Each structure stands twice: as structure tokens, then as C-alpha cells.
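User: Please take a close look at a single part of this model. Start with the local detail and then work outwards until that part has its place in the whole.

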Amino acid sequence: MIRVLPPELINQIAAGEVIERPSSVVKELVENSLDAGATRIEVDIEQGGARLIRVRDDGVGIAPDELPLAVASHATSKIGSFDDLEHVASMGFRGEALASVSSVARFALTSRQHDADAAFRVEVDGGRLQAARPAQHPPGTSVEVRDLFYNVPARRKFMRAERTEFAHIDDLMKSLALARSGVEFRLSHNGKPVRVWKAARDEQAMLVRVADVLGENFPAQSLHLDHAAAGMRLSGWVGLPTASRGQADSQFFYVNGRLVRDRVVAHAVRQAYADVLFHGRHPAFVLYLELDPAGVDVNVHPAKHEVRFREQRLVHDFLFRSLHEALAQTRAGQVVDASD
Ligand code: ADP
Ligand code: MG
């Protein structure tokens, strides 16, 4: 018998694609805060995120009558047409995250718009949305996610030790902190502050963040790069061979502010480093590629880790040339061996 699934089940199935573990929830919530123009984002975690994930921001907030819409599936304020999708500049656009998260946890959303004198809160428990009621909250938005996967035993079983899940969240926060240097981020675990990244207003302040994430030696072992051509701009820090690692775990590549893993990028980077790095060594870098949003399709993967460049060849050659040039001074010397 073929039947149409109830909406609640549809959301839980959709959640399976995007919400793999606590850090995926943090990613979706912090990206929403960034899309809301937040300048300060606070993330509080309890028990690796299994018990509580709370993200607070000072962004634009949500109108009281739109709170129920925010948690509805396929509901978004970010795109309205297929054409918008082609030019999407926000982190989100699928209108799925809050619907998914609220279907697999005990969920609360509290928000106050900047010009409003009251905040409102909605709760979703077991897929049931409670009516909005007044609440206390400064301008901005808080999302609380408790008891993740409490109603999805199969998923709950797959959660790892508290320490492991928190490590994933910490890694994610590092990658977000590098993506948005102008935003203040705070992360706490079980009531203890773990990270405080004040807004970085200049390159020097940004380097402090970079050193925090890639190690205090990295700034001295890297070159700053800022190169524009063919309507694209590549900036950031390329690690010298001395900063290379035995593992590819210090590579941050952002496309229009979004951390991505991409074959075209990986290939261009590998080629650029080919004659300065020994086999088996992996470069460290923090690179930001900016290009016209129309030149890159972000609607490839539900969690948006992947992108597709419309002009792959052009992007590849631009990346290769920029990096190759930056590394030229290294090449003028000799291949440098680096052991950790
Ligand atoms: P998407 O981000 O793809 O639009 P979400 O389910 O993540 O979908 O969010 C739905 C909508 O709720 C967003 O489009 C936005 O209008 C609103 N929203 C969610 N989080 C926030 C936030 N922190 N601040 C302001 N608005 C938010
Ligand atoms: Mg979103």
C-alpha cells in the first residue's frame, strides 16, 4: 500500500540527512545567527550536546507571528524564487534546519526584534508546536535544543562519548571563527568557558585567531596572500613547507564564507605545492575564495559541504596560479623537510 507520510515523519527523515550529530545542530544554528547579521554568538553545550545545545545571538530577531513559520519545513526568509537560488549569498536557504532539529529534540526558540519591546518564545516537543508566549530576552535570538535524538533511538545510539562529540563542536567553532573574523564567538562546555574569540578588526587581530586554530607557530611559517583576477579574489595564509603536517587536518578553504571540501580546489592546491613538499606531507592553510555567487552552486549537498563551480577550469587555474606564485620564494630555495 502506498501512502503519504505524515509531516512529522517527513521532518525526521529529512533530519537524518542534515543532523548527523550534535555538531551538525550547532552548525545550522550558528549559520542562522550569521545570516541574521549577529555580531556576537554564544554557544553553550552540556554533555557534548546530547543534553543541551544553546545558541544565542544579537541578530535581527524574528517577528512574533513568524516564530511558528521559522520551525515549519520548507519555510525560509532567504530565497523566494529559483532565480534567488542561483545568487544565494546566505548560509541557509533550504528552510529545513529548524524543522529538522525540532523534530528530533526538545526545542525552544525565543526571539526579540531590535525595535520590539517584548520577546516571544515557541516550543516544539515531539513535533508538537506550542503557541507563542511572551518571554524575557534581549534583542536577538536564542535556540535551545535539549535531549537530541531522544525520540530517535537508532541515532542516539550512534552518538559518541561526550568528549568526542564536544571535540567535533570545537572543531566546527574553529572553522566558523576563521570564516567570520568580525564576529565575536563564545563557546562553553558544562558551564565552563572553552573559547572566547573577540571580534577581530584588523589583520593582526585576525592572526591571533589563526594562531589559536592552527598553532602559534603557524603565522611565522606562513605567507599572507591577497590576489585578485578574473573576477575572483583569493586571500588568507598559505603555510610554508615548514608548517606542513603529516595529516591533512589544518586546511581551511572557504568559498564565499562557506567552508568547503572540493576536488577542484584540492587538486589546484596539491599541484601548487607539488614541488615544495615531500610526498606524504600535507600543507596547512587558511584561504578565502570570493567570487560572484552566480558562479558557484551551493545546492549540491544538504549539509552544504560541497559546491560546484560553474567554470571549474577558470577557478582551478586561478587558484593554482595564485598559490604557485606565493610559494615561488620557497621554491627559489630548496625543498624543505619538515617533521612535526
Ligand atoms: P534557512 O536557514 O534555510 O532559511 P532554517 O530552518 O534554518 O532555514 O530557518 C528558518 C528561518 O527562520 C530562517 O529563514 C530565518 O528567517 C529564521 N531564523 C532562524 N534562525 C534565526 C536567527 N538566529 N535569527 C533570525 N532569524 C532566524
Ligand atoms: Mg538555516
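Analyst: N256 lies in the loop between β12 and β13. The model is a predicted one. Phi of N256 is near 50°. That is a positive value, and the residue is not a glycine. Most residues other than glycine have a negative phi. Is N256 buried or exposed? It is partly exposed, because 19 other C-beta atoms lie within 10 Å and a buried residue needs 20 or more.

Next, the strands on either side of this loop. β12 covers residues 251-255, and β13 covers 258-259. Both belong to an open sheet of 5 strands. The order is β10-β11-β14-β12-β13, with mixed pairing. β10 (222-229) and β13 stand at the edges. Each has a single partner strand, so one side of each lacks a neighbour in the sheet.

Inside the sheet, β12 runs parallel to β14 (residues 285-290). The two are joined by 5 bridges. Within this pairing, F252 is opposite V286 of β14.

Two helices pack on the sheet. Helix α7 (residues 162-179) lies across β12, β13 and β14. Its direction makes an angle of about 50° with β12. Helix α10 (residues 312-326) lies across β10 and β11 (232-239). Here the angle to β11 is about 40°.

Now the domains. The assignment gives domain 1 as 7-197 and domain 2 as 215-332. Their C-alpha centres are 29 Å apart. The contact between them takes 13 residues from each of domain 1 and domain 2. On the side of domain 1 that touches domain 2, α1 (7-18), α4 (82-86) and α7 each supply at least two residues. Which of them gives the most? It is α7, with 3 residues. By class, this side of domain 1 has 7 nonpolar, 3 polar and 3 charged residues. The helix that lies across β12, β13 and β14 is thus also the main contributor on the domain 1 side.

Domain 1 offers strands to compare with the loop region. In a regular strand the side chains alternate between the two faces of the sheet. Strand β1 (residues 40-46) shows this alternation. I41, V43 and I45 point to one face and are buried. R40, E42, D44 and E46 point to the other and are not buried. Strand β8 (residues 184-189) alternates too. There, F185, L187 and H189 are buried on one face, while E184, R186 and S188 point to the other and are not.

β1 and β8 pair in the parallel sense over 6 bridges. I41 has F185 as its bridge partner. R40 stands opposite E184. So far as burial goes, I41 is on the buried face of β1, and F185 is on the buried face of β8.

β1 also has an antiparallel neighbour, β2 (residues 52-57), with 6 bridges between them. E42 is opposite R56 of β2. The hairpin of β1 and β2 has 5 residues between the strands. In that hairpin, Q47 takes a positive phi near 50°.

β8 pairs with β9 (residues 192-197), also antiparallel, through 5 bridges. The partner of L187 in β9 is R195. This hairpin has 2 residues between its strands. N190 in the turn has a positive phi of about 50°.

One further residue invites comparison with N256. H74 is in the loop between α3 (67-70) and α4. It is not a glycine, yet its phi is positive, about 55°. Is H74 buried or exposed? H74 counts as exposed, because it has 9 C-beta neighbours inside 10 Å.

Finally, the chain as a whole. It holds 11 helices and 16 strands. Buried residues make up 37% of its 340 residues. Its C-alpha atoms fill a box of roughly 70 × 45 × 45 Å along the principal axes. A compact globule of 340 residues would have a radius of gyration near 20 Å, and the 21 Å of this chain agrees. Of the contacts between residues at least 6 apart in sequence, 68% join residues at least 24 apart.

Key
Residues are numbered from 1 along each chain as its sequence is written. Chains are lettered from A and ligands numbered from 1 in the order in which they are written. This is a predicted model: local features need pLDDT of at least 70, side-chain atom pairs count only at pLDDT 80 or more; totals for chains, interfaces and linings use all residues. Two strands pair if DSSP finds at least two bridges between them. Helices (H or I, at least four residues) and strands (E, at least two) are DSSP runs, numbered from the N terminus. Two residues are in contact if their C-beta atoms, placed from the backbone, lie within 7 Å. Axes are lines fitted to C-alpha atoms, for helices over the stretch in contact, and angles run from 0 to 180 degrees between N-to-C directions. The radius of gyration is taken over C-alpha atoms; the globule rule is 2.2 Å times the number of residues to the power 0.38. A residue is buried if 20 or more other C-beta atoms lie within 10 Å of its own, exposed if 12 or fewer, and partly exposed in between; C-beta atoms are placed from the backbone. Domain bounds come from an automatic or database domain assignment. Ala, Val, Leu, Ile, Met, Phe, Trp, Tyr, Cys and Pro count as nonpolar, Asp, Glu, Lys and Arg as charged, and the others, Gly among them, as polar.
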